[in-house]
Amino acid sequence: VFLNPISFEIVFTQDGETDIVTKFILIIINLTVLLVYCFFFFYKNDIYNFYIKLKFFGFNIFFLMFLIIILELYFGNWIKKNNINHLNITRNATYNFQLNNLYPWEDSLSTYVRDELGFRGEYPGPSNINILTLGGSTTAQKFISEGYTWQDIMQKEFFKNGKEIYVVNAGVDGQSSLGHLAAFEDWFNSIPNLRVDYFLVYTGINDFMLNESSPVFGRDYLINDINKKSSFSILQKKSALFFALQKLKGYYVAKKRRARHQKIDLNEANWFDYPLLSMHIEEYKGYLEKYESRMIKLLKKINDFGSKAIIVSHSANGLWMKEGDIIYGIDANICNSDGINGKRYNGVDYYYFKSLLNNKIEEICNLRDVPYLDIDDFLIFDLNHDLYDTMHNTPSGAKKIGYLLYDKLAYLF
């Protein structure tokens, strides 16, 4: 089952490794084969007990398969319409997350609400959304309570100034532009009467080192090619068991890459005024070309949806800082775990790579008359109060972003 050319070619990547989900499946298959072998070996000379045990074994296998089918039909996407479990999107849920000292807050809780469409925020209905924000965890902001996200701040500013403009949050932790493309395929197109004036794409960190052949989170790691219709891709999209395994994989990889939400005292970190790498353009060329391709596709998706785009490059001001003409970057141990092309980089390197990314998306936007903003052109966050790690904002940081985006985008309405 395990060591043959066909299975090796299917389950292993080119570097001879395989992911945690495939490992789990392989373990189950091999344990099943081992149990069957042991069964036949121990009872090969006892026909009477052989048939009794075979019936017992067969009944339990049948019952287990029946149970799996029932669970798949109920929790999977086989029957239900518009089931978007595979997109890693929460719907019809209210959570009170413990902040665990991420930042000081009156009750140390973050109230996180997702409505029946999977959106966050107050709005009349899907046909009356002026701005729908796309992004990852810095957009979703699950550790900032209702009413305090940067989308909430933007909407309050519009209302305060006499404009009934609704800013709705469709951010999904870990999602990159690859996931945004899938969101149109499987999420937005399935919502009746969804009308959006502008999709605001809050882009940056999740696209920064995205490996399209092995993405990490949400629908991101279910798509290598969203047009591919193989049997395995159908299983990925519909199976509840596969979704559960992928959630475990996401947790495992997030822990490995330090992408989980945890307090980092940035003032206690080591900062350097020199990069670890030198040829940044050459190192980043492949990533940049794929990012350009994805963003052009995303802008077309937004246009085809009958909406307009706004692109905002978010900040990771906890990775680098600028004093005069000198760039300081945070220690490589905090900055990354996997590196770029197998090479470690620090915060100074990140600044140069992110500048290349921002220049590329600004160029794409300028050619298409799409409004573009780079948060770092306007804001410098207080490391003590506005961030609880290298990229995630506290309510005070979110407030600064909300005020800035309102100030720069109010003219559109």
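Is Glu-292 buried, partly exposed or exposed? Glu-292 counts as partly exposed, because its relative accessibility is 23%, and a residue is called buried only under 20%. Please keep in mind that the structure above is a predicted model. Glu-292 is a handy place to start, and we will come back to it after a look at the whole chain.

## The chain as a whole

The chain has 13 helices and ten strands. Of its 413 residues, 47% are buried. Contacts across the sequence are well represented: taking pairs at least 6 apart in sequence, 75% of the contacts join residues at least 24 apart. The accessible surface comes to about 22000 Å², and carbon and sulfur atoms account for 56% of that.

## Two helices side by side

Back to Glu-292, which belongs to helix α10. Two packed helices are described by the angle between their axes and the distance between the axes. Helix α10 (residues 280-304) packs with helix α12 (residues 347-367) at an angle of about 35 degrees, and their axes are 10 Å apart. The crossing of α10 past α12 is right-handed. On the α10 side, the residues in contact include Tyr-284, Leu-288, Tyr-291, Glu-292, Met-295 and Leu-299. From α12 come, among them, Tyr-352, Phe-353, Leu-356, Lys-360 and Ile-364.

Within this contact, Glu-292 and Lys-360 meet through their side chains in a salt bridge, at 3.7 Å from N to O. The pair links distant parts of the chain, with Glu-292 in α10 and Lys-360 in α12, 68 residues apart. Lys-360 counts as buried because its relative accessibility is 16%, under the 20% cut-off. Salt bridges that share partners also bring in Glu-363, so that Glu-292, Lys-360 and Glu-363 form one network.

## Salt bridges at a glance

How many salt bridges does the count come to? The count is ten. Three of them are set out here.

| Pair | Closest N to O distance |
|---|---|
| Glu-157 and Lys-160 | 3.0 Å |
| Glu-185 and Lys-301 | 2.5 Å |
| Glu-292 and Lys-360 | 3.7 Å |

The Glu-185 and Lys-301 pair also links distant parts of the chain: Glu-185 is in helix α6 (residues 177-186) and Lys-301 is in helix α10, 116 residues apart. Both partners are partly exposed, Glu-185 with a relative accessibility of 33% and Lys-301 with a relative accessible area of 23%.

The Glu-157 and Lys-160 pair is a local one. Both residues lie in helix α5 (residues 150-160), three residues apart, about one turn of the helix. Where do the two partners stand on accessibility? Lys-160 counts as exposed, because its relative accessibility is 61% and exposed means over 50%. Glu-157, in contrast, is buried, with a relative accessible area of 11%.

## Helix α5 and its surroundings

Glu-157 has company in helix α5, which is mostly covered: eight of its eleven residues are buried. Besides Glu-157, the buried residues are Trp-150, Gln-151, Asp-152, Ile-153, Met-154, Gln-155 and Phe-158.

Which elements do the buried residues of α5 pack against? They pack against strands β3 (129-134), β4 (167-169) and β5 (196-203), and against helices α4 (137-140) and α13 (395-409). After α5 comes Gly-162, with a positive phi near 85 degrees.

## A buried isoleucine in a strand

Ile-327 is found in strand β9 (residues 326-330). Ile-327 is buried because its relative accessible area is 8%, which is under 20%. Leaving aside residues up to four places away in sequence, Ile-327 touches Phe-272, Asp-273, Met-321, Lys-322, Val-348 and Tyr-351. With Val-348, the separation is 21 residues in sequence and 6.3 Å in space, C-alpha to C-alpha.

## A nonpolar patch on the surface

Finally, a look at the outside. Ile-27, Leu-31, Leu-34, Tyr-37, Phe-41 and Phe-42 make a nonpolar surface patch of about 670 Å². One of these residues, Phe-41, is in helix α2 (residues 20-42). Why can Phe-41 be part of a surface patch? Phe-41 is partly exposed, with a relative accessible area of 43%, and patches are made of residues with over 30%, so Phe-41 clears that cut-off.

Definitions and conventions: Residues numbered from 1 in each chain as written. Predicted model: local features only at pLDDT ≥ 70, side-chain atom pairs only at ≥ 80, totals over all residues. Heavy atoms only, no water. Patch = residues over 30% accessible without salt bridge, like charges linked within 9 Å, V, L, I, M, F, W, Y side chains within 5 Å. Areas by Shrake-Rupley, 256 points an atom, 1.4 Å probe, with all protein chains shown as cover. Salt bridge = Lys/Arg side-chain N within 4 Å of Asp/Glu carboxyl O. Helix = DSSP H or I, 4+ residues; strand = E, 2+ residues; numbered from the N terminus. Buried < 20%, exposed > 50% of the residue type's maximum accessible area, 1.4 Å probe, protein only. Axes fitted to C-alpha atoms, helices over the stretch in contact; angles between N-to-C directions. Left-handed = near helix turned anticlockwise from the far one by under 90°. Contact = heavy atoms within 4.5 Å.
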